[in-house]
Structures are given as C-alpha cells and as structure tokens.
Amino acid sequence: MTGEHQTLALLLFSAFVAVTLAITTWVSRHRRGSAEEFYAGGRLFSPMENGFAIAGDYMSAASFLGVTGLIALFGYDGLLYVVGFLVAWLVVLFLVAELVRNCGRFTLADVVAARMRERPVRIAAGTSSVTVSVLYLVAQMVGAGSLVALLLGGTSGAARAWAVVGVGALMVIYVSLGGMRATTWIQIVKAVLLLGGTIALTALVLVRFHGDLDRLLLTAAERSGHGEAFLAPGLKYGGDWTARFDFISLGLALVLGTAGLPHILSRFYTVPTARAARRSVVWAVGLIGGFYLMTIVLGFGAAAIVGPDAVRGSNAAGNTAVPLLALDLGGGAGSTGGTVLFAIVASVAFATILAVVAGITLASSASVAHDLYASLRRRGGKPRSEVAVARVAAVGVGVVAIALSLLARDLNVAFLVGLAFAVAASANLPVLLYSLFWRGFTTRGAVWAVYGGLVPALVLVVLSPVVSGSPDSLFPGVDLQYFPLQNPGLISIPLGFLAGWLGTVTSAEVPDEARHAETEVRSLTGAGAA
Amino acid sequence: MQPSKGRPRGVGAGQESSIGPYDRQVPVPAEETGQLRYDDPWYDALASGWGESAGAAAPAPAKSPSARGEGKAGVVAADVYLEVQRSEAFQEVRRRYRRFVVPAFAAFFAWYLGYVVAATTAPELMARPVAGAVNVAMVAGLGQFLTTFLLTWAYARNARLRRDRAALELRWDTQELTRGVNGGAP
C-alpha cells in the first residue's frame, strides 16, 4: 500500500465530507424546527428523488463490501444475500409502502398506536425500532473500520477506532443539524456516486474478460480452488444440517426484514401521497436490482482477479474484496490507475457508510423522541421541543453504536446486517402486518407481538455461536452457546407472529371496530393522511 | 403515462393525465391540510408533535383541542369511517387490492422459499449445468431477479389502472364527510 493512494483517498473522502456538510448547512438555513420538517423533510420529495434516497439508504456497506466479499470467498452462497435483499422489496411494495404512508406520520409506532392504547404500544414499538437501528448501525460502522484499516495500510486498532468514532461524529452532525432533508440529499448524492462507481468497476471487470461472463465464472471457480462447487450452493452453508438451517433462517430474515426496518419505513413519509410512495419503491427496485446484479459480477470478479486467498489475507471476513479488486483493475499496487481506482472505491464506500448511517440515526432518534420520550416523560415535567429531544437522541444513539462497533469489529458486515434483519422481521413486521390487516387485533396482541419477537431474537443471538463458544465468537473464552444457528430468524419470526396471535386471543379487550375501519379506510384511500 | 379516462369527478381528477405535478400536489391545499390535522380525531396529543417551538410552520390555533377527547365529534367521525368502510365503492377498492396482492404474494413467497430450500436440500440439482459455467442455481437466482422486476411492474400497473382513481375519490369524499361532522372547520 503506497502513500499516494492514501493521500488521494483521504482527499476524495474529505471532498465528500465537505460537500455533505455544505448540503447540511445549506438545507438547515431555512429550518423552522417543526417535527414535520425534521423527521419527514416536509413530505415534499418527488418519487424519483425518494427512490434514489431509498436506494441510497438501502445499498449499504453490507452490500457493497460485505456481499461482494462473501461471493469472492464462498461463491454462490454469497449470492443468496443479494437475492434476499432484492426480493424483500416485494413485501415492502405489496404490503407496507402505501399503507404505511397513508396511516402513519413519522414512525412505525404511529401506524400501530392509531388502533390501540397508545402508551404501551409506543413503548414496545419504539424499543424494538431502536434495537434494530443500533444493530444495523453497528454493521455499517464495522464496515467503516475495516475500510480504514485497509486504507491506512495497517491493521492498527487505533486507526480503526478513530474511523468508527469519526463516522459516528459525522452522522450525528448531519442528523441533528440537517434532519431528514439533509439526510435525504446526502443519500441521493451517495446513491449516484455508488451506482457510478459500481458501473465503472463492473465495466472494467467485463472488459478484462472481453464480455465473456462464462469465462469470468470459470476463472473464478478455478482460482477459488473449489472448482465447479464454487458456482453452486453449499460451500458456506452446505455440510451439516445446522449450517443448512442457518441458510434457511437467513433467507427468511432477509426477505421479511426489510419491511420492518425503521429507516426504510420512515422514507415513505417524505413523499406527499401513497401513490408517490409506490412510485418511489418502483424506482428503488430498479436501482437496487441493477446494483445487486452488478455486485454479483464484482464478487465473482474479485474471486477471479484477486483470488480468495488474497481477499482473506487482507480481511478474514472478506470485507475488503472490492477495494482490492479496484486496485488490481487499475493496474495493480503502485500504478497510477490502481491508486486512483482504489482511492475512488474507498471513498465511495465511505460515502455509502456515512449516508446509510445518517438515515438509521435519524430513524432511531425519531423513535426515541416521538415514541419513547413522548410516552415515558413525566407528566407535568417541563415540556421540551420534540425536535430538540430528537437531536439529543441522535447523539445518544451515536455513542452507543460507536461503543458496540468497537467490540464487534471482526465480524462480516453482511452477516451483521443479517442479524439486524432477523430482529426487524421478528419484532417489527408481525405487529405492523397485524395492525394493518387483522380486524380483531388488540393492544395486548400488539405488545406481545413486539416483545415476543424481539426478546427471543436477542436471546437466541446471545446464546448463538456468534457471541460465544467458538473461535470466531465475540467472546471466544466464554461458553454460553446453547443455540446452534447464527441467525435466529427461523425461530424468532414465527414466534413474533405467534405471540401477537396469542396475545390477541387471550385478551379481554374488545377490538375497536371503528378504529379498525378508520385504519383500513385510511390505509387504502389516503383519507386524512398527514 | 396513463391518459385520464372515465368521468372527471372530484378534485384532482383533471390532473390525472400528467402524473408528475399530480404526485407532488396533495389534492388538498397545503395550508388546509395543516389545519385539518389539528381537528382530526386520528392524532391525539401524544402523536401530534408535542412541544413544537411556537414559531413552527403551521399556525396551530392554541385552542384547537384533539377531537378524540372531545367525545361527540370524534364519535361521529368514527361513524364516517365505518360508513365508508361498508360502502360498495370502498369494498371494491379493497377487493381489487387484495385480488392482486394475495395471489402475487403467495406466488413470489413460495418461489423464494422453494429457491432457498432447494439450495440447501438439493445441491446436486442446483449444481446441474445448463450451459457452459451456468448451472441451475444461477438460472434460479437470476430468475428471482426477473420475477421481482416483473411483479413490481405488474403491481404498479394494477394499482395505477384499477385502484388509484377510485381511491382518490373515496379519499376526497371521506375527508368531506369528516370535515362536515367536525363542525365545518376551517
């Protein structure tokens, strides 16, 4: 690793930071401090803008760095992530986007609380939203850490730690000063940069193989040392039944989790109508689908050109496959082309992380201020402005995420995101779907659905090999491992749905027919939508 | 995209032909929605931006109470929603929504689960070559991409042609009715 590409990458990255900070200050000039503006950007984005912002929110470091790394290391098994990430958008489009836009104002809890007793439901949904957001944040910041470690040449712990702290500080600034409007524009800029970078790299890979995808795949298979098996499922998740169930569990979590991610849901509130929400999802599906198709090429390209051994040597989890690929495509280490490409890719990845992290921080600060603080604050205490609380919450969420990221720095980011998806699918999706579609759903059912998914998901992660009991665990020295799967989704998602049903049938509460009618009419027509 | 057809009725129907400006514009003028929100039974004190700084955008009239606590007006507004829910027009919209979403959801979810389960339990089948380096697994994976794109397009088309106009009319009628029972504000 030469000094030049470090300088260049740092320069490009500083430029991006400068631009985004400029956006933030420019946007916050006309700020009037209303909650509508802070959480939803005034609801005035167009479907295309919002589509790009959704794509920018969703195409995370996990996809760009993590998934390509998994494909480079394990071949086809990495591809499962990509398929799950994309197919999940059908769940969002069919069942969630328009209805949530029509029923809610800022958060997931708004939709549920409309039909139920407000306090318990808000506390439950707020808690689970914050939990999901923090898990997701950790994944992004671990990605930032490994990127910096690679960029600065060393695996020095200090550089990583500072990168994580720096990303954390920036995201807090964006969110607390700029709110949703700044966050959205940062995501749009990032989506364009990321798509541009990905298209360029994909084109270079295809040129290298003269457009012959077949040869790309064959070369990848050959260099991987696994031969044909590299192109078929089973390398990572084959073998024993534990691994296979892990694969199914992950697949389920990915496809059901997206619709429960708070930062994705909050994006639908930034457009004026349900119809605009639908059209922004259509834009997003196009952009995200195209992006993932290209990451497949990049993943196999990294396997074919860089080789799995070199990828593993740089970062055991594979998170640095794409930057290494860029270095090679540009002409190798030391060449000008390699330096430039490497620097560009590294700064695009940084931009990606910053934008995603800002979106999640905003969503979780909304949950803290709008749901938790609003429900838990002492009656008669001095009322503070909701937006002021949200700004403080952004700082708090940032600090927690930084601390956890320093702890989890050696895990693959795509895998960490898989965990966040599993928790989202277990805790947020059941309650959301029940309250939109089930006439007899009650307050107790709602509260049970949230905790009945959230608690098992978290407990199973704590008892899983991720945390303890195997050499790759967070705490290899301890043995708390009682649950064999790494991803809890297979168990905890059905539990969430089951708990919601149980809570409803056992409660004495008579479901309020009028409020169900209101939810249904509003969700499908948009009457009275904010 | 879709030229306006059928009877022009209600506000916004005339704008159907050009989608761009239509989506940017809520059928209710902006300042009106701002006020609507405050005499709306849907949002009570907790939900409606408590403690917003006084200079904030909407000139929230200090006396406008949340209607849910108000009893009568809230109850009558609830009746409006029950009435709309039972109306033939609404049931038709709901039917059209469900008739597309239920089978489409079942189809893609089964196809996706089948794909995941096949990848784990039948690796030999998935590894069977199709052409060159491409095997069944690759074809299935790309097939998932293709069906996702197709279903997205089909859903958007279905919603645009079969639901949007009726939903907009219902929205307008419902809002007229709720405003009526809430005392004709503003």
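Start by selecting residues 1-71 of chain B: pLDDT stays under 50 across this stretch, for which the model has 104 contacts beyond four places in sequence. Remember as you look around that this is a predicted model. Now widen the selection to the whole of chain B, where the mean pLDDT is 67 and 56% of the residues reach 70 or more. The model as a whole scores ipTM 0.89 and pTM 0.84.

**Chain A as a whole**

Next, select chain A and colour it by secondary structure. You will find 21 helices and 0 strands. Turn the chain along its principal axes and the C-alpha atoms fill a box of roughly 70 × 55 × 45 Å. Chain A has a radius of gyration of 22 Å, which agrees with the value near 24 Å that a compact globule of 530 residues would have. Of those 530 residues, 68% count as buried. For a view of how the chain folds back on itself, take the contacts between residues at least 6 apart in sequence: 81% of them join residues at least 24 apart.

**Where the two chains meet**

Show both chains together and pick out the contact, which takes 67 residues from chain A and 59 residues from chain B. On the chain A side, the elements giving two or more residues include α2 (35-40), α6 (108-113), α12 (274-305), α15 (336-376) and α21 (513-525). Which helix of chain A gives the most to the side that touches chain B? Select α5(A), which gives 11 residues. Colouring this side of chain A by class brings up 38 nonpolar, 13 polar and 16 charged residues.

**Along α10**

Stay with chain A and select α10 (241-257), another of the elements on the side that touches chain B. Its 17 residues should span 24 Å at 1.5 Å a residue, and the end C-alpha atoms are 23 Å apart, which agrees. Is this helix largely enclosed or largely open? Since 12 of the 17 residues of α10(A) are buried, the helix is largely enclosed by the rest of the structure. Among the buried residues to click on are A:Asp246, A:Phe247, A:Ser249, A:Leu252 and A:Gly257.

**A last stop at A:His210**

Finally, go to the loop between α8 (157-208) and α9 of chain A, where A:His210 is found. Is A:His210 buried or exposed? A:His210 has 8 C-beta neighbours inside 10 Å, so this residue counts as exposed. Check its backbone too: phi of A:His210 is near 50°, a positive value in a residue other than glycine. Most residues other than glycine have a negative phi.

Methods: Residues are numbered from 1 along each chain as its sequence is written. Chains are lettered from A and ligands numbered from 1 in the order in which they are written. This is a predicted model: local features need pLDDT of at least 70, side-chain atom pairs count only at pLDDT 80 or more; totals for chains, interfaces and linings use all residues. pLDDT is the predictor's confidence in each residue, from 0 to 100. Two residues are in contact if their C-beta atoms, placed from the backbone, lie within 7 Å. Helices (H or I, at least four residues) and strands (E, at least two) are DSSP runs, numbered from the N terminus. The radius of gyration is taken over C-alpha atoms; the globule rule is 2.2 Å times the number of residues to the power 0.38. A residue is buried if 20 or more other C-beta atoms lie within 10 Å of its own, exposed if 12 or fewer, and partly exposed in between; C-beta atoms are placed from the backbone. Ala, Val, Leu, Ile, Met, Phe, Trp, Tyr, Cys and Pro count as nonpolar, Asp, Glu, Lys and Arg as charged, and the others, Gly among them, as polar. The expected span of a helix is 1.5 Å times one less than its number of residues.
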